[in-house]
Amino acid sequence: MTTPYQQQSQAPVPPQSPPQGPPQAAPPMPPQAPHQTAPRQTNPYQAAPHHHAPQHHAQPPQPQPHEPHQQMPSGPPSQPYAGVGPYTSPIPVRRTSLGNALASEWTKIKSVRSTIWTLSVMVALVIGIGLLVAASTADSDYDTVPTTLPGFFGTLLGQLCVVTLGVLVITSEYSTGMIRTTLTACPQRSRVLTAKALVFFTLSFTITTVALVLVAYASMGMHSGPAVAEPTDDQILGATVGAGLYVSLLGLLSLAVGAILRHSAGAITTMLGVVLLPSILPAFLMMSDSLRDLGSKMLEYSSPQSLASLFQIDDSLNNGWPQLSVLAGITAAAMIAAYALLEKRDV
C-alpha cells in the first residue's frame, strides 16, 4: 500500500532514444571499495510502518445545534424580564382630546417671544396713554363725557398689536414649517384651529379687559366731584368688557385671515386694510350724492367709530353693541372659511 506522495514519487520515466553513431567502448570501471550496505533513507512523506495495534482516527468536529437567539426587552431595569412576549410600556396610553390640544397651544403661545413683546406693547399703550390722558385733563372736561374716556385713546393703538399677534399665532408655524409637526401630532385639523382660537381669544380678551379696567377706575379716581358726570354701569361695561371683546374679535378675525392666506405679511396687510380703510374711504364716498349713504354706513361701523360708541363718547352714538354684533358675524364667517380650507388644502 502506497501513499499518494509515494505514487507521485514513483511516476514512470519516459523512455530515452538511443544515441546515434557507432558504438563506443565502455569506459573502464574504477576499483570498488568493499561492499557496504548504504543506510536506508526514509521518505519523510512516507507513512510510518503499520503496527497491529488499532489506531483511532480523529473525527472532524460535529456542528452543534443552533439555539434560537433571544432578545432582552428594553425597559426599566427595575422590572425583571419574565419571558419572550410583546413589550408593554409602563406609561399609560390614552386617547387625546381637545384639552391636550389646548395645553399644547398654551405652551406654544406663552413660550414665544413675539407673544410676550406684542402683548407688553399693547398693555403699555392702553395703560400708558390712558393714564397720561387722565392726568393731563381737569375735572371740568368730564361734565358731558364719562370719566372712562381716557381708555379710548390707548385702545385705538393697542388694537393694532392684537391684530398683529392674531396673524402671527397661525402664520409663524407655516413660515417655519412647524405646522407639519403640529398636524402630525394632532391629525384632527379642526381641533388644532379650535385650540388656537380659544387660547388666543381668551388670552387677548383677559389682558385687554384687565388693562381697560385699570385705566377706567384710575381715571374715575382722579376725577370725581359734583362737576363730574359719574359714568353709568352701561358706560363702564362698554368701556371695559365691550371694548375688550371688540379688540379680541378683531384679533380672532386676524387669526382666521392668517389661516386662509398662510402668509404673515399678506395677512397683516389685509387686516390693516380692514381696520383703516373704513375710516378713510367714507371721506371720499361722501363727496358723491349717490354714495353718501354707503360712506356714512361704512363710517359708522369702522373700528374707531365702533370703539367710540362702546365708550359712549357722544350721546348721538349708540352703545356700540350693534357694531360688536356685526364684527362677530364677520369673524364667524371667516372662521368657517378657515376651517373648510384647512381640511381641504395640503400643508
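A residue counts as buried when its relative accessible area is under 20%. Keep that cut-off in mind for helix 10 of this predicted model. Helix 10 is mostly covered, with seven of its nine residues buried. The buried ones are Ser303, Ser306, Leu307, Ala308, Ser309, Leu310 and Phe311. What do they pack against? Their partners are helix 4, helix 6, helix 7, helix 8, helix 9 (292-300) and helix 11. After helix 10 comes Gln312, and its phi is positive, near 55°.

Phe311 leads on to the aromatic rings. A pair of aromatic rings is described by two things, the distance of the centres and the angle of the planes. The model has three aromatic pairs. One of them joins Phe152 and Phe311. Their centres lie 5.8 Å apart, and the planes stand at 70°. The pair is edge-to-face, because an angle over 60 degrees falls in that class. Where do the two rings sit in the chain? Phe152 belongs to helix 4 (residues 150-176) and Phe311 to helix 10 (residues 303-311), so the pair ties together parts that are 159 residues apart in sequence. Phe152 and Phe311 are both buried. Together with Phe153, these two residues form one aromatic cluster.

Another pair is made by Phe201 and Phe205. Here the centres are 6.1 Å apart and the planes differ by 5°. This pair is stacked, because its angle is under 30 degrees. Both residues lie in helix 6 (residues 189-222). They are four residues apart, which is about one turn of the helix. Are these rings buried or partly exposed? Phe201 has a relative accessible area of 23%, so it counts as partly exposed. Phe205 is partly exposed too, at 25%.

Helix 6 also packs against helix 4. The angle between them is about 165°, and their axes are 11 Å apart. That angle makes helix 4 roughly antiparallel to helix 6, because the class begins over 145 degrees. The crossing of the two helices is right-handed. Which residues meet there? On the helix 4 side they include Pro150, Gly151, Leu165 and Glu173. On the helix 6 side they include Lys196, Phe200, Ser204 and Ser219.

Phe200 turns up again in the core. The largest nonpolar core has 54 residues. Leu193, Phe200 and Tyr246 have the most contacts inside it. Which helices supply at least two residues each? They are helix 3 (113-136), helix 4, helix 5 (178-185), helix 6, helix 7 (233-261), helix 8 (264-285), helix 10 and helix 11 (321-344). Helix 7 gives the most, with 12 residues.

Take Leu193 from this core. Leaving aside neighbours within four places in sequence, Leu193 is in contact with Leu255, Ala259, Met335, Ala338, Tyr339 and Leu342.

One last stop is Thr115, which is placed in helix 3. Its relative accessibility is 7%, so Thr115 counts as buried. What does Thr115 touch, apart from its neighbours within four places in sequence? Its contacts are Ile109, Leu165 and Leu203. Leu165 has appeared before, among the helix 4 residues that meet helix 6.

Notes: Residues numbered from 1 in each chain as written. Predicted model: local features only at pLDDT ≥ 70, side-chain atom pairs only at ≥ 80, totals over all residues. Heavy atoms only, no water. Phe/Tyr/Trp six-rings, centres within 6.5 Å; stacked < 30°, edge-to-face > 60°. Buried < 20%, exposed > 50% of the residue type's maximum accessible area, 1.4 Å probe, protein only. Core = buried A, V, L, I, M, F, W, Y, C linked by side-chain atoms within 4.5 Å. Contact = heavy atoms within 4.5 Å. Axes fitted to C-alpha atoms, helices over the stretch in contact; angles between N-to-C directions. Parallel < 35°, antiparallel > 145°, perpendicular 65-115°, else oblique. Left-handed = near helix turned anticlockwise from the far one by under 90°.
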